[in-house]
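The following note is offered to a colleague who is meeting this model for the first time. Its points begin with a single residue and widen to the whole chain.

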Amino acid sequence: RLFGTGGTRAFGARRKTLRNALATLIDAAGLRALGIDPGLRAENLAPADYINISMQISRADPRKGDAAK
């Protein structure tokens, strides 16, 4: 569910960077720690990047995964 929430937020925020679209789920430092440029847009990521983002969010704060239900 968290994977879907992250993807929906990223693509639902038209013309926004990941930094802005995912701000309530993961900060820019968290994206950089995954090797992802926070200045990219959703369409620039591979599906594996979204899986890594989802895993990082749930590791950092497991309650966010529950909130995405």
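1. Ser-54 counts as buried, because its relative accessibility is 11% and the cut-off for burial is under 20%. The structure discussed here is a predicted model. Ser-54 is placed in helix 4, which covers residues 47–60.

2. Ser-54 may also be located relative to a residue elsewhere in the sequence. Ile-26 lies 28 residues away along the chain, and the C-alpha atoms of Ser-54 and Ile-26 are 9.2 Å apart.

3. The burial of Ser-54 is shared by other residues of helix 4: Tyr-50, Ile-53 and Ile-57 are buried as well. These four residues lie on the same side of helix 4, because the arc they cover around the axis is only 100 degrees.

4. The length of helix 4 agrees with expectation. With 14 residues at 1.5 Å a residue, helix 4 should span 20 Å, and its end C-alpha atoms are indeed 20 Å apart.

5. Which residues form the largest nonpolar core? The core has 12 residues, namely Ala-10, Leu-18, Leu-22, Leu-25, Ile-26, Leu-31, Ile-36, Ala-42, Leu-45, Tyr-50, Ile-53 and Ile-57. Helix 4 makes the greatest contribution to this core, with 3 residues. In soluble globular proteins, nonpolar side chains tend to be buried together.

6. Leu-31, one of the core residues, deserves separate inspection. When neighbours within four places in sequence are left aside, Leu-31 is in contact with Leu-18, Arg-19, Ile-26, Ile-36, Pro-38 and Ile-53.

7. Turning to the chain as a whole, the protein chain contains 5 helices and 0 strands. Its order along the sequence is α-α-α-α-α. Of the contacts with a separation of 6 or more, 45% join residues 24 or more positions apart.

8. The protein chain has 69 residues, and 38% of them are buried. The accessible surface comes to about 4300 Å², with 51% of that area belonging to carbon and sulfur atoms.

9. Confidence should be kept in view when the model is read. The average pLDDT of the protein chain is 81, and 72% of the residues score at least 70. Where in the chain is confidence lowest, and where is it highest? The lowest confidence is in helix 5 (residues 62–67), with a mean of 56, whereas the highest is in helix 3 (residues 28–33), at 96.

Key. Residues numbered from 1 in each chain as written. Predicted model: local features only at pLDDT ≥ 70, side-chain atom pairs only at ≥ 80, totals over all residues. Heavy atoms only, no water. Helix = DSSP H or I, 4+ residues; strand = E, 2+ residues; numbered from the N terminus. Buried < 20%, exposed > 50% of the residue type's maximum accessible area, 1.4 Å probe, protein only. Contact = heavy atoms within 4.5 Å. Areas by Shrake-Rupley, 256 points an atom, 1.4 Å probe, with all protein chains shown as cover. Expected span 1.5 Å × (residues − 1). Arc of directions from axis to C-beta. Core = buried A, V, L, I, M, F, W, Y, C linked by side-chain atoms within 4.5 Å. pLDDT = per-residue confidence, 0-100.
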